[in-house]
Amino acid sequence: DLAAGAGRPGRAAGAVAALTVVACLVGARGMWHVVNPETVIVTASDIPAAEWIAANTPPDARFLVSTDHWHLGTYRGLDGGYWLPVLADRATNIPPALYPYGDPARVREITATAVIAARGDALDDAELSALLARVGATYVYVGAAGEGASGKLSPERLRRHPDLVEVYVRDGVHVFRQAPRGGGAPETRRRV
C-alpha cells in the first residue's frame, strides 16, 4: 500500500528531530556552568550602587568607566559601570558593544576616546581631567569586577586626583564626582 509506506519516512524524520532536540537540551544543560569569567562584569554590589546613582545623580549625569580593548578594534567596559545605561539610566563613555555598526565618524570618536580611557591608572591628573572633559563626564565609576585588568581605574588612583571627591563607597564599588571649580568650601569625602 503506497499510502502506508509514505508515512514511514515522516515518522522517521520526526523521531530524528525529537532525538536531536533531546540531545541538544541534554548538552546545553551540561554547559550552564561554562561562563567566561572575563565577561562577568556586573556583580551583586553594582545593583545597589546603580540604585544609589539613579536616586542621587542628575538624570543627565555622565560617567567615565574603566575601558579596555575587546576584539576587532572594539572596546568595552570592565566592570558594572558599563551597565549604568541599563541599570541607572545614566550615560557612560563607552556605549554597548554594537557601537561599531553606527555612524563611522561617531565610531572613530568613541574608539579614540576608548583608547585614552584604556590607559586607566596610567593617566596623569591632566590627562584624566582632559578625558573627563572630552567625555563630558562629571562622575567616575569603579566597580568590583575587572580588578587588575589593563585599563582598570582604581579608587586609590582616583583619590589622588585633586578635582575628584569620593561620594559612594560600598562593597567594592566607588563613585567619584568632579568637585566644582572656583570657590566654595571643599567637599568632604563620605561613605554611603
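A crossing of two helices is left-handed if the near helix is turned anticlockwise from the far one by less than a right angle, and right-handed if clockwise. I noted this before looking at helices H4 and H5, whose crossing is left-handed. The model I am reading is a predicted one.

**Entry 1, the helix pair**

I looked up the geometry of this pair and found that the axes of H4 (residues 104-117) and H5 (residues 125-135) come within 11 Å and cross at roughly 155 degrees. H4 is therefore roughly antiparallel to H5, because angles over 145 degrees count as such. I then listed the residues that make the contact, and these are Glu109, Ala112, Thr113, Ile116 and Ala117 on the H4 side, with Leu131, Arg134 and Val135 on the H5 side. Sorted by class, the contact of H4 with H5 comprises 5 nonpolar, 1 polar and 2 charged residues.

**Entry 2, the chain as a whole**

I next went through the secondary structure of the protein chain, which comes to 6 helices and 7 strands. Read from the N terminus, the order of these elements is α-α-β-β-β-α-β-α-α-β-α-β-β. Of the 192 residues in the protein chain, 36% count as buried. I also checked how far along the sequence the contacts reach: among those with a separation of 6 or more, 65% are accounted for by residues 24 or more positions apart.

**Entry 3, threonine 67**

Is threonine 67 buried or exposed? I found threonine 67 in strand E2, which spans residues 67-69, and its relative accessibility is 0%, so it counts as buried. I looked for polar partners of its side chain and noted two: the backbone oxygen of valine 65, reached at 2.9 Å, and the side chain of asparagine 93, joined to that of threonine 67 by a polar contact of 3.1 Å. Asparagine 93 appears again in the list of residues that threonine 67 touches beyond four places in sequence, which also includes Tyr75, Leu78, Ile94, Ala114, Ala117 and Ser150. Ala117 is a residue I had already written down for the H4 side of the helix contact. For a pair distant in sequence I took threonine 67 and leucine 153, which are 86 residues apart along the chain and 8.6 Å apart in space, C-alpha to C-alpha.

**Entry 4, arginine 62**

Which backbone oxygen does the side chain of arginine 62 reach? I traced it to that of valine 135, at 2.6 Å, and I note that Val135 is among the H5 residues in contact with H4. Arginine 62 itself lies in strand E1 and counts as partly exposed because its relative accessibility is 24%. Leaving out residues up to four places away in sequence, arginine 62 touches Ala91, Thr92, Arg106, Val135, Gly136, Ala137, Thr138 and Tyr139. One of these, glycine 136, is 74 residues from arginine 62 in sequence, yet the two C-alpha atoms are 6.6 Å apart.

**Entry 5, threonine 57**

I placed threonine 57 in the loop between helix H2 (46-56) and strand E1 (62-65). Its relative accessibility is 6%, so threonine 57 counts as buried. Its side chain reaches the backbone oxygen of isoleucine 53 at 2.7 Å. With neighbours within four places in sequence set aside, I listed Trp52, Phe63, Arg90 and Tyr139 as the contacts of threonine 57. Tyr139 is also touched by arginine 62.

**Entry 6, alanine 126**

I returned to helix H5 to look up alanine 126, which has its place there. Alanine 126 counts as exposed because its relative accessibility is 56%. I finally checked the distance from alanine 126 to histidine 161, which are 35 residues apart in sequence and 9.2 Å apart in space, C-alpha to C-alpha.

Technical notes: Residues numbered from 1 in each chain as written. Predicted model: local features only at pLDDT ≥ 70, side-chain atom pairs only at ≥ 80, totals over all residues. Heavy atoms only, no water. Helix = DSSP H or I, 4+ residues; strand = E, 2+ residues; numbered from the N terminus. Buried < 20%, exposed > 50% of the residue type's maximum accessible area, 1.4 Å probe, protein only. Polar contact = N/O pair within 3.5 Å; in protein donor to acceptor, adjacent residues only side chain to side chain. Contact = heavy atoms within 4.5 Å. Axes fitted to C-alpha atoms, helices over the stretch in contact; angles between N-to-C directions. Parallel < 35°, antiparallel > 145°, perpendicular 65-115°, else oblique. Nonpolar A, V, L, I, M, F, W, Y, C, P; charged D, E, K, R; others polar.
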